Amino acid sequence: MKHDELIHSVHYQEVDPGRRWIKDLDVAIDSNGPLDAGHTLTPNVVRTAGGYRIYYNAIGPERPRPETTGYILSAFSTDAKTWQKEEGVRMDAGGEGTGNCIWGPDVIPLADGSYRMYFEGRIQGSDGPVKSVIGSARSPDGIDWRQEPGIRLEADDTSYGAPRCLYIAPDSGAGDGRYRLYASDFTDHCIVSAVSDDGLLFELEPGVRVAREKVLEGYEVYAPEVLRLGDGSYRMYYAGWVAAPEVPAGSQYHGRVFSAVSADGLQWLKDPDICIDNGGKWDRAKASEPCVIDLPDGRFRMFYEACDYEGRWRIATATSEQP
């Protein structure tokens, strides 16, 4: 696959999905199976032969190892509406940089027809506390995954997670093209980016892509879903959390999905309104971790993790208005 084709194959939309979304009535993935009854989180949806595949973090009573606290599962759909969970675990924790939990998958196709998954893992930091890092895995078919050696993004005093990797235009002397990895900086509570010539060795770019500024994102901004658009500009959807002591279950926060736009993928201008507000049947407490795909009828569907007031996490969806 040529680089121009790769640019258009993932995290790309010819038309801007925009800011107006209508929540769908049912959830896409419920937390009701032996491998995901504990929770379903961090959706990532990719096109594949015959339909769509969603990758997500989960935990359940039939976990592969007693010490595991999170792994990656998948489900398949022909229409991006009705999903059939696939058997087995796509990626378990326990490898380099993953500790006992991995989540936040982001899957991209590679030029040779295989796939790479970026994910967030946790390791023991040099100063004692556990920190998050970004690792990767390879698969020939999107089902059978093997972790790649090394860590893609880490720092001694910083936790990185919730990755999204885009192909970007070739840079001078950089061969056929480059990769830009957007990630959440959980230490400084912002969204940052890093670039790579090979998708493995990343160098952090100067500055902050998105910082905490709004009252409703006073606790955290993170989990960027970044789309390159047909006119060369970018649209980002991201999660913003704020303290909410009234939440009766789980962590005391409200989560919402916001958006921003950029001409170059580096300087971002936040939109003033909320894309997905909390307060619905599935997301009364939190709406977070967005992922967007296009539909055959010209609309778009956003997948996001939803938490109710009982502390139960599912993967819900919202659909854009008619084009």
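**Exercise 1. Find how much space lies in the largest cavity of this predicted model, and place that cavity in the structure.**

Solution.
Step 1. Take the volume. The largest cavity holds about 70 Å³ of space.
Step 2. Check for others. With a cut-off of 30 Å³ or more, a search of the whole structure finds one cavity.
Step 3. Locate the strands around the cavity. Two or more lining residues come from each of β3 (39-48), β7 (102-109), β11 (160-168), β16 (220-229) and β20 (286-294).
Step 4. Pick the main contributor. β11 gives the largest share of the lining, three residues.

**Exercise 2. Name the residues that line the largest cavity, then sort them by character.**

Solution.
Step 1. List the lining. It consists of T42, P43, G104, P105, A162, P163, R164, A223, P224, E289 and P290.
Step 2. Sort these residues. Seven are nonpolar, two are polar and two are charged.
Step 3. Assign the charged class. Arg and Glu count as charged, and the lining includes R164 and E289.

**Exercise 3. Work out the strand order in the open sheet that contains β3, and find its edges.**

Solution.
Step 1. Recall how sheets are held. Strands pair through backbone hydrogen bonds, either parallel or antiparallel.
Step 2. Write the order. Four strands run β3-β4-β5-β6, with antiparallel pairing.
Step 3. Mark the edges. β3 and β6 (84-85) each pair on one side only.
Step 4. Look closely at one pair. β5 (residues 71-77) and β6 are antiparallel and joined by two bridges. Here F76 sits opposite Q84 of β6.
Step 5. Link back to the cavity. β3 is an edge strand of this sheet, and β3 also gives two or more residues to the cavity lining.

Terms used. Residues are numbered from 1 along each chain as its sequence is written. This is a predicted model: local features need pLDDT of at least 70, side-chain atom pairs count only at pLDDT 80 or more; totals for chains, interfaces and linings use all residues. Side-chain values use heavy atoms; hydrogens and water are left out. On a 1 Å grid over the protein atoms alone, a cavity is a set of points where a 1.4 Å probe fits but cannot get out, and a pocket is an open set with protein on both sides within 12 Å along at least five of seven lines; lining residues have an atom within 4 Å of a point. Grid points are joined across faces, edges and corners, and a volume is the space filled by probe spheres set on the points. Two strands pair if DSSP finds at least two bridges between them.
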